[in-house]
Amino acid sequence: DTITDISTIYSDKTGKIWANSKGQIFSYNGNMWEEINEIPELYKEIVSITEDAKGNIWIATEEQFGYLNDKVWRNFSIENALIRDISADNNEHIWVATNKGLYCFGIDGNIVDIFETEKDGLLSNDVRSVVVDSSGHLWIGTSAGINIFDGRTQPSSINVESQMGINAVKGWHSITGKNGLPYEDINIIAIGNQQILVGTKV
């Protein structure tokens, strides 16, 4: 069987494909599609899917996010914020991109840290995309450019020369038009084949 009208798709660590089609989540094991019935009805307009360090699958809409483990669903939300994207690192953190900044949650659903302003390191609190690379660095797409963050709640030095030829200091670095970014209004960032792929509004 096949499914159509896919709006969100994700491949987990085992190679299983997770996809949102017409407000329903399906998984594909390489042979067949399976409908996932344990996800609450309110999860119709899905914006992002990710997998945490323990293998839990997290799903987000603009209003809430949660994860499925052993067919049990846990649900969380961020008050007065629209969720754009979610991503998980290897330190049991879930990173949530919103129109009010970048939120860091533990996989227990408790808030670890919030980054809301330029003082926190962000170019803009209008965060559209967040992905974690193989070194654990966060690539954060905002309405004003790209931030790279080492993922720690305390500033430290990282080096991302292998990816962009850029040194990051005190845990944060910014990529804007001033250092070569053609368009600063970022919609999505993806990682593939040792490349950082960036989609903009232009």
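## Exercises on pockets, cores and an enclosed strand

By class, 15 nonpolar, 10 polar and eight charged residues make up the lining of the largest pocket. The model examined in these exercises is predicted.

**Exercise 1.** Describe the largest pocket by its volume, its lining and the elements that contribute to it.

*Solution.* Begin with the space: the largest pocket holds about 850 Å³. Next, consider the lining, which comprises 33 residues. Y10, I86, S87, V130 and V131 are those nearest the centre of this pocket. Finally, assign the lining to elements: β1 (6-11), β5 (46-51), β9, β13 and β19 (186-192) each give two or more residues.

**Exercise 2.** Characterise the second largest pocket in terms of volume, lining and residue class.

*Solution.* The volume of the second largest pocket is about 240 Å³. Its lining consists of 15 residues, and K16, W18, I36, I57 and L68 lie nearest the centre. Sorted by class, the lining has seven charged, four polar and four nonpolar residues.

**Exercise 3.** Identify the residues of the largest nonpolar core that touch the most other members, and trace the strands that supply this core.

*Solution.* The core has 15 residues, and those touching the most other members are W58, F65, I78, I94, V96 and F105. At least two core residues come from each of β6 (57-61), β7 (64-69), β9 (83-88), β10 (93-98) and β11 (101-106). The largest share, three residues, is supplied by β9. Another core, of 13 residues, lies apart from this one and includes W95, L122, V132 and F149. To examine one member of the largest core, take I78: leaving aside residues up to four places away in sequence, I78 touches F65, V96, T98, Y103 and F105.

**Exercise 4.** Explain why strand β14 (residues 138-142) is described as largely enclosed by the rest of the structure.

*Solution.* First, apply the cut-off for burial, under 20% relative accessible area. Five of the five residues of β14 are buried, so the strand is largely enclosed. Second, inspect the two faces: L138, I140 and T142 are buried on one side, and W139 and G141 are buried on the other.

Third, examine the partners of β14. Strand β13 (residues 127-132) runs antiparallel to β14 and is joined to it by five bridges; S129 has G141 as its bridge partner. The hairpin of β13 and β14 has five residues between the strands, and G136 in this hairpin takes a positive phi near 90°. Strand β15 (residues 145-149) is likewise antiparallel to β14, with five bridges. Here W139 stands opposite I148, and two residues lie between the strands of the β14 and β15 hairpin.

Note on methods:
Residues numbered from 1 in each chain as written. Predicted model: local features only at pLDDT ≥ 70, side-chain atom pairs only at ≥ 80, totals over all residues. Heavy atoms only, no water. Core = buried A, V, L, I, M, F, W, Y, C linked by side-chain atoms within 4.5 Å. Buried < 20%, exposed > 50% of the residue type's maximum accessible area, 1.4 Å probe, protein only. Helix = DSSP H or I, 4+ residues; strand = E, 2+ residues; numbered from the N terminus. Contact = heavy atoms within 4.5 Å. Pairing = 2+ DSSP bridges. 1 Å grid on protein atoms, 1.4 Å probe; cavity = no way out; pocket = protein on both sides within 12 Å on 5 of 7 lines; lining within 4 Å. Points joined across faces, edges and corners; volume = space filled by probe spheres on them. Nonpolar A, V, L, I, M, F, W, Y, C, P; charged D, E, K, R; others polar.
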